[in-house]
Amino acid sequence: MLAPDRERSAGKQGMIAETHEEQAQRARAILRKLKRHRPDARIELNFSTPLELLVATVLAAQCTDQRVNEVTRSLFTRYRSAQDYAQADPHTLEREIEATGFFRQKAKALIGIGGELGTKHGGKVPQTLEELVALPGVGRKTANVVLGSALGIAAGIVVDTHVQRVARRTALSAQTAPEKIEADLMELPPKRDWIAFGMHYTLHGRYLCIARKPLCSRCPILDLCPQFEVSNPQ
Ligand code: SF4
C-alpha cells in the first residue's frame with residue numbers, strides 16, 4: 001500500500017505507484033547508472049579555490065559555464081582575495097563580467113560578498129549553508145555548489161533548472177519549487193551521495209534529458225524513468 005504522501009502524489013501529479021523505499025531504491029539505481037555512464041563527471045566551472053567557485057557560481061546565473069570560464073580566466077588573475085572584490089570599482093567590475101549577463105546585479109553581489117567575507121569571516125568562504133546563504137546574491141543552489149564541489153561538504157543537493165526538470169521527469173519529485181524538490185531528493189540517496197547526485201542530475205539534464213527534446217533513446221536510465229511530462233522524446 002502506498003504511503004499517504006505517495007498516494008497524494010499519485011493522484012495529483014500522475015506519479016508512479018511506489019513506496020518511499022522503492023523510490024529511494026530507484027534513485028540509488030539511477031545514480032549508479034549515471035555514474036557508470038559518466039565516470040569522469042565533474043563541475044564544469046573552472047576554479048582553484050572556494051572563493052573562485054563562489055564567484056564563478058554567482059556569475060553562472062542565467063549564463064553558460066563555458067562563457068563564465070572565458071570571463072573568469074582573466075578575472076581570477078586580477079581578483080585574488082575577498083578584499084579585492086570588496087574594494088573593486090563597480091564600473092570596472094561590471095565591464096569585466098559584462099559577458100555573463102545581469103552584470104550590474106552580479107557586480108553588486110560580488111562586491112557585497114567580498115565585503116561580508118572580510119568583515120564576518122576573516123576573508124574566507126564560510127563552510128556552512130546558513131552562513132553562505134546569508135551572503136548577498138547567494139541562494140541554496142550556489143551554497144550547495146560551493147560546499148559540495150569546493151569543500152566536499154554535503155549540506156544539501158544542488159537543484160538548478162536541469163535538476164528540477166530531471167527530478168520531475170524521473171518522478172523523484174512532483175514539486176516545482178527548487179527548495180521543495182531539494183527536500184524530496186534529500187530523502188532518497190544517502191547523504192554520502194548527495195554531492196554526486198546533484199552533479200550527475202545537472203549533467204544529465206544538460207546533455208541528455210534536455211528541456212525541449214530529451215534524448216530518451218540514448219538515455220542510460222530509460223528503464224528506470226517513467227518519462228513524466230515528456231511529450232516529444234528523441
Ligand atoms: S528517459 Fe528521457 S525523460 Fe527519462 S531521464 Fe532519460 S532522457 Fe530524461
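Colleague: What makes a residue count as part of the shell around the ligand, and how many residues surround the ligand?

Modeller: In this predicted model, a residue counts when its C-beta atom, placed from the backbone, lies within 6 Å of the ligand. By that criterion 15 residues surround the ligand, and the closest are Cys 209, Pro 214, Cys 216, Cys 219 and Cys 225.

Colleague: How do the residues of that shell divide into nonpolar, polar and charged?

Modeller: The shell holds twelve nonpolar residues, two polar residues and one charged residue. Cys and Pro both count as nonpolar, so the closest residues named above, Cys 209, Pro 214, Cys 216, Cys 219 and Cys 225, belong to the nonpolar class.

Colleague: What makes the set of 57 residues a nonpolar core, and which residues have the most contacts inside it?

Modeller: A nonpolar core requires buried residues of the listed nonpolar types, joined through C-beta atoms within 7 Å. The largest set of this kind has 57 residues, and Leu 53, Leu 54, Ala 56, Leu 110 and Val 146 have the most contacts inside it. Helix H3, residues 50–59, gives the most to this core, with seven residues.

Colleague: Why is this core said to lie between the domains?

Modeller: Domain 1 (4–37 + 157–224) and domain 2 (50–126) both give residues to the core, so the core lies between them. The centres of domain 1 and domain 2, taken over C-alpha atoms, are separated by 31 Å.

Colleague: Which residues is Leu 53 in contact with, leaving aside its neighbours within four places in sequence?

Modeller: With those neighbours left aside, Leu 53 is in contact with Leu 45, Phe 47, Val 145, Val 146, Ser 149 and Ala 150.

Colleague: Which residues of helix H10 are called buried, and what covers them?

Modeller: A residue is called buried if 20 or more other C-beta atoms lie within 10 Å of its own. In helix H10, residues 161–169, the buried residues are His 162, Val 163, Arg 165, Val 166, Ala 167 and Arg 169. What covers them includes helix H11 (178–185) and helix H12 (194–207), while H10 is followed by Ala 171, whose phi is positive, near 60°.

Colleague: How do you know that the radius of gyration agrees with that of a compact globule?

Modeller: A compact globule of 234 residues would have a radius of gyration near 17 Å, and the protein has 19 Å, which agrees. The C-alpha atoms fill a box of roughly 60 × 35 × 30 Å, taken along the principal axes, and buried residues make up 38% of the 234 residues.

Note on methods:
Residues numbered from 1 in each chain as written. Predicted model: local features only at pLDDT ≥ 70, side-chain atom pairs only at ≥ 80, totals over all residues. Domains from an automatic or database assignment. Buried ≥ 20, exposed ≤ 12 C-beta atoms within 10 Å, placed from the backbone. Helix = DSSP H or I, 4+ residues; strand = E, 2+ residues; numbered from the N terminus. Contact = placed C-beta atoms within 7 Å. Rg over C-alpha atoms; globule rule 2.2 N^0.38 Å.
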